[in-house]
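Reader: I have a model open and would like to go through its labels one by one. Could you explain the reasoning behind each?

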Amino acid sequence: MDKLRIEGGTPLHGEVRISGAKNAALPLLCAGLLTAEPLTLRNVPRLNDVATMRSLLAQMGVVVEVSGDRVALGAARIDWPLAPYELVKTMRASILALGPLLARCGEARVSLPGGCAIGLRPVDQHVKGLTAMGAEIDLEHGYINAKGRLTGTKFVFDMVTVTGTENLLMAATLARGTTVLENAAREPEIVDLARCLTAMGARITGAGTDRISIEGVPELHGAAHSIMPDRIETGTYLVAIAASGGKATVRGADVTSLDSVLTKLAEAGATVAIDGDAIVVARQGALRGVSVRTAPHPGFPTDMQAQFMALAARAEGTAVITETIFENRMMHVQELVRLGADIEVEGGTALVRGVAKLTGAHVMATDLRASACLVIAGLVAEGETVIDRIYHLDRGYERMEEKLSGLSARVTRVR
Ligand code: EPU
């Protein structure tokens, strides 16, 4: 199992280029199931989760061609509308195949994901929504078995769910009549998905608001789509640069998707200058720990909570960090404490008292964003930090050690 070795304590300088967004790429790959014609995606990040999704599509009978950051999907035939447990257990986003398979084939069999490290993460809203659209669904032997022809309806989500919204949005494009999704998620990745679906011939209004309306069409056609930049990868590098006390440029970013993160960075004492798709971030003065409370977009993203905790750990003052989306997304705390952080957790809230220095240690990554948090902490800690289990990192950050080296960090992968 690979590890990451970081020699910390030096400010980051230079440039880093952002890849396509993981959480946009995964639903967009599933959108390829909705049409018999080719769908070509560009700016696809080279990540383990993307490779898993490609394997999932290929075993259904989809022809998948990869060339650099371009992925061409040909779903002229779908032989097995099935997402088996073996793949779903390694990547929950496989549930995104459910809506498109059902809409296109009239049947689907997708494994229930089960719990995961950061929380229970049920998929009841996906199931309820498709049932409201007329699907017959039964849960048997750990699988969701769905069949039927979908009909447009009005569905109000009980809570804001990103992949739930994406699943129903995709399914509704081929349903009979109009579907209205209320209390829909407003994440930028949903807007990106809607843009691609529209290019495929779907009729969608309101993506990016909490009310999305979709007028079903008999079929969708092929299209080419370039995936939006990864806002969480962008935010992760911005925090790393600010925490290290350096100055560097993050290129290829989608600045419009980062409001809450940029606001918090400025509060922490960083200066942020924007020039088109480039963000120059610098921090010379004191670093202040900032309190954050996670919320659905446009609130502060849960996927940036751990990184801001690493920043607060080595900053001046006390920060209150509250996680409201997932029940168990504080597993990085114990590892930060191994680096010398002073953090108390009660329920979903962490009280982070900034310390004057962190010191390198051997730590273990527990999930994707927790890994990013430990990388940032390792970069600001004195001495050597070794992070174990970085397969979590490889699920969602493309070539992170190379990109960090481009920012003059001393990082090596130990195989
Ligand atoms: N929820 C339910 N029932 C459902 C669906 C969700 O109770 O049917 C609950 C969840 O348990 C959670 C909350 O609703 O408490 C929100 O979960 P959501 O469904 O929005 O999460 P997700 O769609 O499974 C996506 C991202 C996550 C990101 C969350 C929140 C993808 C592939 N994943 O997950 O990304 O944290 O939205 O923004 O888009 C990551 O990249 O590290 C990551 C975990």
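**Helix pairs and ligand contacts**

Author: Helices H1 and H7 are roughly parallel to each other, and this is a statement about a predicted model.

Reader: Why are H1 and H7 called roughly parallel?

Author: The axes of H1 (residues 22–31) and H7 (residues 188–199) cross at roughly 30° and come within 9 Å. Angles under 35 degrees count as roughly parallel, and the pair therefore receives that label. The crossing of H1 and H7 is, in addition, right-handed.

Reader: Which residues of H1 and H7 meet, and how do they divide into nonpolar, polar and charged?

Author: From H1, Asn23, Ala24, Pro27, Leu28 and Ala31 take part, and they meet Glu189, Asp192, Leu193, Cys196 and Leu197 of H7. Seven of the residues in the contact of H1 with H7 are nonpolar, one is polar and two are charged. Asp and Glu count as charged, which is the class of Glu189 and Asp192 in H7.

Reader: What makes H8 and H9 roughly parallel?

Author: The axes of H8 (residues 231–244) and H9 (residues 259–267) cross at roughly 5° and come within 11 Å. With the limit for this label set at angles under 35 degrees, H8 is therefore roughly parallel to H9. Gly235, Leu238, Val239 and Ala242 of H8 make the contact with Val261, Leu262 and Leu265 of H9. That contact holds six nonpolar residues, one polar residue and no charged residues, and since Gly counts as polar, Gly235 of H8 belongs to the polar class.

Reader: How do you know that Asn23, Asp124 and Arg369 make polar contacts with the ligand?

Author: A polar contact is a pair of N or O atoms within 3.5 Å, and each of these residues can be set against that cut-off. A polar side-chain atom of Asn23, a residue that also meets H7, lies 3.1 Å from an oxygen atom of the ligand. For Asp124, an N or O atom of the side chain is 2.7 Å from a nitrogen atom of the ligand, while for Arg369 a side-chain N or O atom is 2.7 Å from an oxygen atom of the ligand. In total, 21 residues surround the ligand, and the closest are Gln125, Thr161, Thr163, Asp303 and Ile325.

Reader: What is the omega of the peptide bond from His297 to Pro298, and where does Pro298 lie?

Author: Omega is near 10° for this bond, and the bond is cis. Pro298 is found in the loop between strand E18 (292–293) and helix H10 (305–313).

How values were computed
Residues are numbered from 1 along each chain as its sequence is written. This is a predicted model: local features need pLDDT of at least 70, side-chain atom pairs count only at pLDDT 80 or more; totals for chains, interfaces and linings use all residues. Side-chain values use heavy atoms; hydrogens and water are left out. Axes are lines fitted to C-alpha atoms, for helices over the stretch in contact, and angles run from 0 to 180 degrees between N-to-C directions. Helices (H or I, at least four residues) and strands (E, at least two) are DSSP runs, numbered from the N terminus. Angles under 35 degrees count as roughly parallel, over 145 as roughly antiparallel, 65 to 115 as roughly perpendicular and the rest as oblique. A crossing is left-handed if the near helix is turned anticlockwise from the far one by less than a right angle, and right-handed if clockwise. Contact means heavy atoms within 4.5 Å. A residue is near a molecule or strand if one of its heavy atoms lies within 4 Å of it. A polar contact is a pair of N or O atoms within 3.5 Å; within protein, one must be able to donate a hydrogen and the other to accept it, and residues adjacent in sequence count only if both atoms are side-chain atoms.
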